[in-house]
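Have the sequence and the 3D view open side by side, and let us walk through this chain together. We will begin inside and work our way outwards.

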Amino acid sequence: MVASRRLGPGATVLQADLDRPLEFADCEFDLIVCALVIHYLSDRRRALREFHRVLRPRGRAVISTQHTTADWLRKGGSYFDVVEETDEWERGGQSYPMRFWREPLTELCDAAADAGFVIEGFSSRSLPRRCVSGGRRPGRSSDAKRA
Ligand SMILES: C[S@@+](CC[C@H](N)C(=O)[O-])C[C@H]1O[C@@H](n2cnc3c(N)ncnc32)[C@H](O)[C@@H]1O
């Protein structure tokens with residue numbers, strides 16, 4: 001597993017499906033880092049509630065997602081649509097459909113707040129030109145603190 005190789009023997013690496021309840025007790029962690037994963041989950045609200053449940057009070061989550069405006073500019077429709085989209089990713093001369101959820105940033109922020117988080121920091125880089133014209137991995141991130 002790539003993560004085990006990168007982290008070495010000092011770290012325990014477990015695999016989990018974030019579309020299912022986490023098999024951890026309440027208040028087990030100080031920090032959650034969720035990099036560019038949340039927009040693939042069928043129920044982002046449930047995942048955020050699970051993150052909040054397993055964090056200790058005053059624990060933190062650092063979450064990044066695809067750039068919601070770039071996705072809207074690429075896909076069209078209303079920015080406020082909550083819709084499952086498909087991108088085509090190319091690798092080794094083959095094309096693979098990648099499904100993800102496009103939703104306004106306010107949906108994710110509301111879901112985090114409803115789960116019990118306080119959003120402490122927020123960062124959004126400007127849109128690289130390639131993202132507006134069809135590039136595929138713009139980033140947007142926010143830090144949330146468990147209340
Ligand atoms: C764009 S990659 C990001 C990988 C890495 N975090 C990074 O920043 O480079 C998206 C990741 O989301 C993971 N993913 C998608 N659906 C998932 C799910 N239901 N549960 C857990 N991970 C999921 C995929 O396995 C993939 O590793």
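**From the core outwards**

The largest nonpolar core has 12 residues, namely Ile38, Ala47, Leu48, Phe51, Leu55, Ala61, Ile63, Leu108, Ala112, Ala115, Phe117 and Ala144. Three elements each supply at least two residues of this core: helix H2 (44-54), strand S2 (55-65) and helix H4 (105-115). Keep in mind as you look that this is a predicted model.

To see how the core is knitted together, pick out Ala61. Beyond its neighbours within four places in sequence, Ala61 is in contact with Ile32, Cys34, Phe51, Leu55, Phe117 and Ala144. Now move to one of those partners, Phe117, which is found in strand S5 (residues 117-124). Is Phe117 buried or exposed? A residue counts as buried if 20 or more other C-beta atoms lie within 10 Å of its own. Phe117 has 25 C-beta neighbours inside 10 Å, so it counts as buried. Ala144 belongs to the core as well, and although Phe117 and Ala144 are 27 residues apart in sequence, their C-alpha atoms are 5.7 Å apart in space.

It helps to step back and take in the whole chain. Its secondary structure comes to five helices and six strands. Reading from the N terminus, the elements follow the order α-β-α-β-α-β-β-α-β-α-β. Of the 147 residues in the chain, 19% are buried. Pairs from distant parts of the sequence feature strongly among the contacts: of those between residues at least 6 apart in sequence, 68% join residues at least 24 apart.

Next, follow the chain through S1, H2 and S2, which make a right-handed β-α-β unit. S1 and S2 run parallel, and six bridges join them. One place to look for this pairing is Cys34, whose bridge partner in S2 is Ile63. You have met Ile63 already, as a member of the core. Val33 is also found in strand S1. Its C-alpha is 4.8 Å from that of Val62, while 29 residues separate Val33 and Val62 in sequence.

How many of the seven residues of strand S1 are buried? The number is zero, so strand S1 (residues 29-35) lies largely in the open. Val33 illustrates this: it has 10 other C-beta atoms within 10 Å, and a residue with 12 or fewer is exposed. Val33 is therefore exposed.

Helix H2, the helical part of the unit, is where you will find Arg49. With 17 other C-beta atoms within 10 Å, Arg49 is partly exposed. From Arg49 to Ala112 is 63 residues in sequence, yet 7.7 Å in space, C-alpha to C-alpha. Ala112 is another of the core residues listed at the start.

The ligand is a good next stop. Which residues surround the ligand? They are Asp17, Leu18, Asp19, Ala35, Leu36, Val37, Tyr40 and Leu41. By class, this shell has six nonpolar, two charged and no polar residues.

Turn now to another pair of strands, S3 and S4. Strand S3 (residues 83-91) and strand S4 (residues 94-102) pair in the antiparallel sense over nine bridges. Within this pairing, Glu90 has Ser95 in S4 as its bridge partner. Two residues lie between the strands of this hairpin, and Gly92 takes a positive phi near 55° there. S3 is hardly covered, as the count of buried residues among its nine residues is zero.

Finally, take a look at two backbone angles outside that hairpin. Cys27, in the loop between helix H1 (2-7) and S1, has a positive phi near 55° despite being a residue other than glycine. Cys27 is partly exposed, with 13 other C-beta atoms within 10 Å. Arg58, likewise not a glycine, has a positive phi of about 70°. Arg58 lies in strand S2 and is exposed, with 9 other C-beta atoms within 10 Å. Strand S2 thus offers you both sides of the picture: Arg58 is exposed, whereas strand S2 also supplies at least two residues of the core.

Notes:
Residues are numbered from 1 along each chain as its sequence is written. This is a predicted model: local features need pLDDT of at least 70, side-chain atom pairs count only at pLDDT 80 or more; totals for chains, interfaces and linings use all residues. A nonpolar core is a set of buried Ala, Val, Leu, Ile, Met, Phe, Trp, Tyr and Cys residues joined through C-beta atoms within 7 Å. Helices (H or I, at least four residues) and strands (E, at least two) are DSSP runs, numbered from the N terminus. Two residues are in contact if their C-beta atoms, placed from the backbone, lie within 7 Å. A residue is near a molecule or strand if its C-beta atom, placed from the backbone, lies within 6 Å of it. Ala, Val, Leu, Ile, Met, Phe, Trp, Tyr, Cys and Pro count as nonpolar, Asp, Glu, Lys and Arg as charged, and the others, Gly among them, as polar. Two strands pair if DSSP finds at least two bridges between them. A crossover is right-handed if, with the strands pointing away from the viewer, the path from the first strand over the helix to the second runs clockwise.
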